[in-house]
Amino acid sequence: MTQVQTHDRQPIPGVKETVAVSSGKGGVGKSTMCVNLAVALAAEGLSIGLMDTDIYGPNVPGMLGVSERPQVVPGTQTIRSVEAHGLSLISMGLLVEAGVPVIWRGPMLAKMVSQFLFSVEWGDLDILLLDLPPGTGDVQLTLTQMAPLTGAVIVTTSSTLALEDVGRGVQMFRQTDVPILGLIENMSTFTCDSCGSESHPFGHGGGASAASALDIPFLGEIPLDPSLRSGADDGTPAFISQPQSPASQAMRGISRGLLERLA
């Protein structure tokens with residue numbers, strides 16, 4: 001395969017670490033994980049930014065309950081990020097009317113991603129999280145070429161199809177010299193409220209096995225927890241609205257594990 005050129009990478013003013021949150025397959029809960037990971041990291045006393053790079057399906061603003069339009073910085077061609085739950089946020093969902101589709105080809109995607117990186121006034125951030133769309137397409141290529149990525153976190157379920165795509169994502173990041181900071185297995189276990197029994201609707205243990213086979217760190221498992229869905233629907237992440245839920249407790253451990261990797 002052709003090695004991707006990465007010589008165009010340049011620093012983002014004020015941003016110390018830049019971490020991509022990725023998934024090979026859609027529907028694994030990547031954006032939900034990214035949003036809750038962001039607020040969990042902020043709870044550790046860090047200054048956190050969140051860049052929603054899913055131009056076609058920008059769901060992050062809804063998950064954070066924000067619809068405020070970003071404002072242009074007077075006398076400049078930059079815009080200010082929007083504040084939500086202590087995070088600095090930018091998303092295509094804040095720039096277009098609700099329900100209006102973005103129908104763009106690859107070059108337009110690349111231009112918008114570049115503007116999000118370098119034409120947004122992020123302020124001083126310890127970590128900027130990038131919520132990537134699924135797969136290995138134009139947005140991923142642009143980011144790995146232009147952004148000074150500290151590393152990537154990959155989200156998966158334990159289903160066979162999702163795990164197959166994990167390998168493709170790992171290969172992409174390795175070809176572009178982006179370190180893999182860890183793998184998260186989402187929806188790993190479901191506990192019945194009535195009887196307390198555990199089941200594994202999407203399988204279980206595949207994330208740890210894949211991480212071992214691919215020689216990447218395993219950050220942990222997140223249970224299939226209704227608080228994650230309700231938090232996303234209500235615009236307040238479960239880590240904030242239900243901090244004692246099983247998913248929030250697991251996310252706290254994963255965020256601290258990620259900080260250890262970054263350190």
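**Cores, helix packing and selected residues in the predicted model**

M187 is placed in the loop between β9 (180-185) and β10 (190-191). The structure described here is a predicted model, and M187 is one of its residues with an unusual backbone setting: its phi is positive, about 55 degrees, although M187 is not a glycine. With a relative accessibility of 14%, M187 counts as buried, because the limit for that class is under 20%. A positive phi is also found at D215, where the value is about 60 degrees and the residue is likewise not a glycine. D215 belongs to the loop between α6 and β12 (218-221). The relative accessible area of D215 is 66%, so this residue is exposed, the threshold being over 50%.

The nonpolar interior is considered next. The largest nonpolar core contains 40 residues, and the members that touch the most others are L50, L64, L129 and I222. Helix α1 (residues 30-43) supplies the largest share of this core, with 8 residues. A further core, lying apart from the largest one, comprises 37 residues, including V113, L130, A152 and A210.

V35 is located in helix α1. Its relative accessibility is 2%, and V35 therefore counts as buried. When neighbours within four places in sequence are left aside, the contacts of V35 are with L50, V60, M63, L64 and P237. Two of these partners, L50 and L64, are among the residues that touch the most other members of the largest core. The C-alpha atom of V35 is separated by 22 Å from that of A208, a residue 173 positions away along the chain.

Helix α1 also packs against helix α9 (residues 246-262); the two axes come within 9 Å and cross at roughly 70 degrees. This angle makes α1 roughly perpendicular to α9, because values of 65 to 115 degrees fall in that class. On the α1 side the contact is formed by M33, N36, L37, A40 and L41, and on the α9 side by M251, I254, S255, L258 and L259. By class, the contact of α1 with α9 consists of 8 nonpolar and 2 polar residues, with no charged residue.

A second helix pair is formed by α3 (residues 106-118) and α4 (residues 138-146), whose axes come within 9 Å and cross at roughly 45 degrees. The two helices are therefore oblique to each other. The crossing of α3 past α4 is right-handed. From α3, the residues G106, L109, A110, V113, S114, L117 and F118 take part in the contact, and from α4 the residues D138, V139, T142, L143 and M146. The contact of α3 with α4 comprises 8 nonpolar, 3 polar and 1 charged residues. One of the α3 participants, V113, is also listed in the core of 37 residues.

W104 lies in the loop between β5 (87-91) and α3. The relative accessible area of W104 is 24%, so this residue is partly exposed. Beyond its neighbours within four places in sequence, W104 is in contact with I55, Y56, M92, L109 and M112. Of these, L109 is also part of the contact between α3 and α4. L143, an α4 residue of that contact, is 39 residues from W104 in sequence, and the C-alpha atoms of W104 and L143 are 17 Å apart.

The third pair consists of helix α5 (residues 160-175) and helix α6 (residues 206-214), which pack at an angle of about 35 degrees with their axes 11 Å apart. The crossing of α5 and α6 is right-handed. In this contact L163, V166, G167, V170 and R174 of α5 meet G206, G207, A210 and L214 of α6. The contact of α5 with α6 divides into 5 nonpolar, 3 polar and 1 charged residues.

L163, situated in helix α5, shows the pairing at the level of a single residue. Apart from neighbours within four places in sequence, L163 is in contact with T156, T157, S158, G206, G207 and A210. G206, G207 and A210 are among the α6 residues of the helix contact, and A210 is also among the members of the core of 37 residues. L163 and S188 are 25 residues apart in sequence, and their C-alpha atoms are 13 Å apart in space.

Definitions and conventions: Residues are numbered from 1 along each chain as its sequence is written. This is a predicted model: local features need pLDDT of at least 70, side-chain atom pairs count only at pLDDT 80 or more; totals for chains, interfaces and linings use all residues. Side-chain values use heavy atoms; hydrogens and water are left out. A nonpolar core is a set of buried Ala, Val, Leu, Ile, Met, Phe, Trp, Tyr and Cys residues joined through side-chain atoms within 4.5 Å. Buried means under 20% relative accessible area, exposed over 50%, partly exposed in between (1.4 Å probe, protein chains only). Helices (H or I, at least four residues) and strands (E, at least two) are DSSP runs, numbered from the N terminus. Axes are lines fitted to C-alpha atoms, for helices over the stretch in contact, and angles run from 0 to 180 degrees between N-to-C directions. Angles under 35 degrees count as roughly parallel, over 145 as roughly antiparallel, 65 to 115 as roughly perpendicular and the rest as oblique. Contact means heavy atoms within 4.5 Å. Ala, Val, Leu, Ile, Met, Phe, Trp, Tyr, Cys and Pro count as nonpolar, Asp, Glu, Lys and Arg as charged, and the others, Gly among them, as polar. A crossing is left-handed if the near helix is turned anticlockwise from the far one by less than a right angle, and right-handed if clockwise.
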